[in-house]
Amino acid sequence: FILIVKIVNNKDSGWEKFLSFILAFAGFIFFTFLLKAGVVLTLAGIAGLIISFGMAVDANVLIFERIKDELKEGKTLNNAIDAGFDRAWSAIRDSNFSSLITCAILFSFGSSIIRGFAFNLAAGILVSMFTAITITKILLQGFASTKMSENLKLLGVRENTKVLSFDFIGKSKIWFSVSGAAFIAAILAIFVFGLNLGIDFKGGSLLAFKFDEQITKEQVETAIKEAGAEASKNSQGTVVAVGAMDIPPSTADEKNLKNLDEEKLNLSSINVLTSGANQFIIKTNYLTPQNHDQLLKILKGKLPKFQETRFTTIGPTIGKTLLNKAIVAGIISILMIVIYLYIAFRKIPKEISPWRFGASAIVTLIHDVVIIIGIFAVLGKFMGVEMDALFATAMLTLFGYSVNDRIVIFDRLRETLTRSSLDNVKEIANKALNDTLARSINTSISIVLTMFAILIFGDASIFYFVLALTLGVVIAGYSSVFIAAPLIVYWSAKKLNKN
């Protein structure tokens, strides 16, 4: 309700208010139906909740930077707070709504684990929007009534502070060269090493064991290999007669042979991962229920007492379906983000065109995703790291976060372009980048620290999921500043020169 009141009382145009209201109302409906259906809190869901903490910091950093700008212009603290919140609203709205679009698509196309992640991330975004525009403002207004507010240093405003004037655009050929080299290297890694797809996409089985006593990963691997060899030896001793003399085998006999072949325990592909103290995750070929029971029976005679805490098996057909759904979700996310950015930046001067903002965001997004996939292709080749449903979730989440990060810079560029001459777009872009640099660094560091904590203290089963997110935040932070804005400038400069 408070969010809707904020939308109604804002200085946005009628269409912007209408769009914001529709998205806020859609979020309310989304959570109403979701809470009725029930959501299970998974490890990935907890990661989504923690990521939302970092994004909550982003909204507050935006507000604080805007307030500091107003204070530097000589406004009183109360006036600076009001103006700062108003000027930060458009960036908070557009960046968070773009992330919510990705969450909705994740929830529509994802599995139960991915849905839990999407729900918690979306909930965190909505709550952070609420706290940023209400609780933060109340706390700042309360601070403004104290004597401490007279010391502007407590608000980060210092006299004789050197204004940043780094030439981002002038040195953009360096950034383009670095990104181009990284992009080409990632493409080569993908084609040379291939993608080590997990059981979610190619089919297979996952078992989780918890042992009562200390045991090593090597002991588990050895026992499973011995179990496979033992099962294979037993199956070779089985004789099945098909047909007699010159009589061709019947359909029933062929079916029996096929069923027998399917029931053989195949452990040609084994990957054992440590998931905690005396806890292991085993990934194998596709196991039927009979294969699973046979494996457990053999292992109980070879390993100390253990408890199976999880068993998941996915057939190749289902795996291919999940892969297709992930691709479709990615394409839909890109299209929705481009459309939203066009609507959000439609007031940009026609010489520059709002479509260029959407195109620039998508080009740099592809740059980010391809580089991360290339890194994981290398990890898959040399460390056996698999790309599973959680990795796809990380990439789709990057769609929302990457655009979120870009919108803040685009918003400052939009603001400057609408009130400045277009004679020197490079200077306008440089100013926008320098003005938002502190925010970009602070936000990226806050989220990376959050992710780093999960990497160290989190469960091993989501380590590479969190690693993909961490790499995504770092690379997206780089490309937002050094690639996205310069790309718009060069594209627009060519158009302006033609005119």
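## A first look at the strands

In what sense do strand 1 and strand 4 pair, and over how many bridges? The two strands run antiparallel to each other, and eight bridges join strand 1 to strand 4 (residues 306-314). Along this pairing, alanine 208 sits opposite arginine 310 of strand 4. Please keep in mind as you explore that this is a predicted model.

Strand 1 also pairs with strand 3 (residues 279-284), again in the antiparallel sense, over six bridges. Here leucine 206 faces lysine 283 of strand 3, and lysine 210 stands opposite glutamine 279 of strand 3. Both strands are mostly covered: in strand 1 (residues 204-211), seven of the eight residues are buried, while strand 3 has five of its six residues buried.

## The protein as a whole

Let us step back to the whole chain. The protein has 499 residues, and 48% of them are buried. Its secondary structure comes to 15 helices and four strands. Among the contacts with a separation of 6 or more, 81% are made by residues 24 or more positions apart.

On the outside, the accessible surface comes to about 24900 Å². Carbon and sulfur atoms hold 63% of that surface.

## How confident is the model?

The mean pLDDT of the protein is 75, and 75% of its residues reach 70 or more. Among the elements, helix 6 (residues 172-193) has the highest mean pLDDT, at 92, and helix 9 (residues 251-263) has the lowest, at 45.

One stretch calls for some care. Over residues 237-262, pLDDT stays under 50, and the model has ten contacts beyond four places in sequence for this stretch. Where pLDDT is low, the predicted coordinates should not be read in detail.

## Two nonpolar cores

Which residues have the most contacts inside the largest nonpolar core? They are Ile67, Phe357, Phe376, Phe391, Met395 and Phe465, in a core of 102 residues. Phenylalanine 391 gives a glimpse of the packing: leaving aside its neighbours within four places in sequence, Phe391 is in contact with Ile372, Ile373, Phe376 and Ala468.

Apart from that core lies another, of 20 residues. Among its members are Phe209, Val220, Leu267 and Ile282.

## Helix 12 and its surroundings

Helix 12 (residues 354-383) is a good element to trace by eye. Its 30 residues reach 43 Å from the first C-alpha to the last, close to the 44 Å expected at 1.5 Å a residue. Because 21 of those 30 residues are buried, helix 12 is largely enclosed by the rest of the structure. After the helix comes glycine 384, with a positive phi near 70°.

Leucine 471 belongs to helix 15 (residues 463-498). Beyond its neighbours within four places in sequence, leucine 471 is in contact with Ile372, Ile375 and Phe376. Leucine 471 and valine 369 are 102 residues apart in sequence, yet their C-alpha atoms are 9.8 Å apart in space. Is leucine 471 buried, exposed or partly exposed? Its relative accessibility is 22%, so leucine 471 counts as partly exposed.

## Two buried residues to find

Serine 98 is part of helix 4 (residues 77-109). With a relative accessible area of 2%, under the 20% cut-off, serine 98 is buried. How far apart in space are serine 98 and tyrosine 401, C-alpha to C-alpha? The distance is 8.3 Å, although the two are 303 residues apart in sequence.

Isoleucine 298 can be found in helix 10 (residues 289-300). Why does isoleucine 298 count as buried? It does so because its relative accessibility is 12%, and buried means under 20%. Leaving aside neighbours within four places in sequence, isoleucine 298 is in contact with Ala227, Glu230 and Ala231. Alanine 223 and isoleucine 298 are 75 residues apart in sequence, with 8.9 Å between their C-alpha atoms.

Notes
Residues numbered from 1 in each chain as written. Predicted model: local features only at pLDDT ≥ 70, side-chain atom pairs only at ≥ 80, totals over all residues. Heavy atoms only, no water. pLDDT = per-residue confidence, 0-100. Contact = heavy atoms within 4.5 Å. Buried < 20%, exposed > 50% of the residue type's maximum accessible area, 1.4 Å probe, protein only. Core = buried A, V, L, I, M, F, W, Y, C linked by side-chain atoms within 4.5 Å. Areas by Shrake-Rupley, 256 points an atom, 1.4 Å probe, with all protein chains shown as cover. Pairing = 2+ DSSP bridges. Expected span 1.5 Å × (residues − 1).
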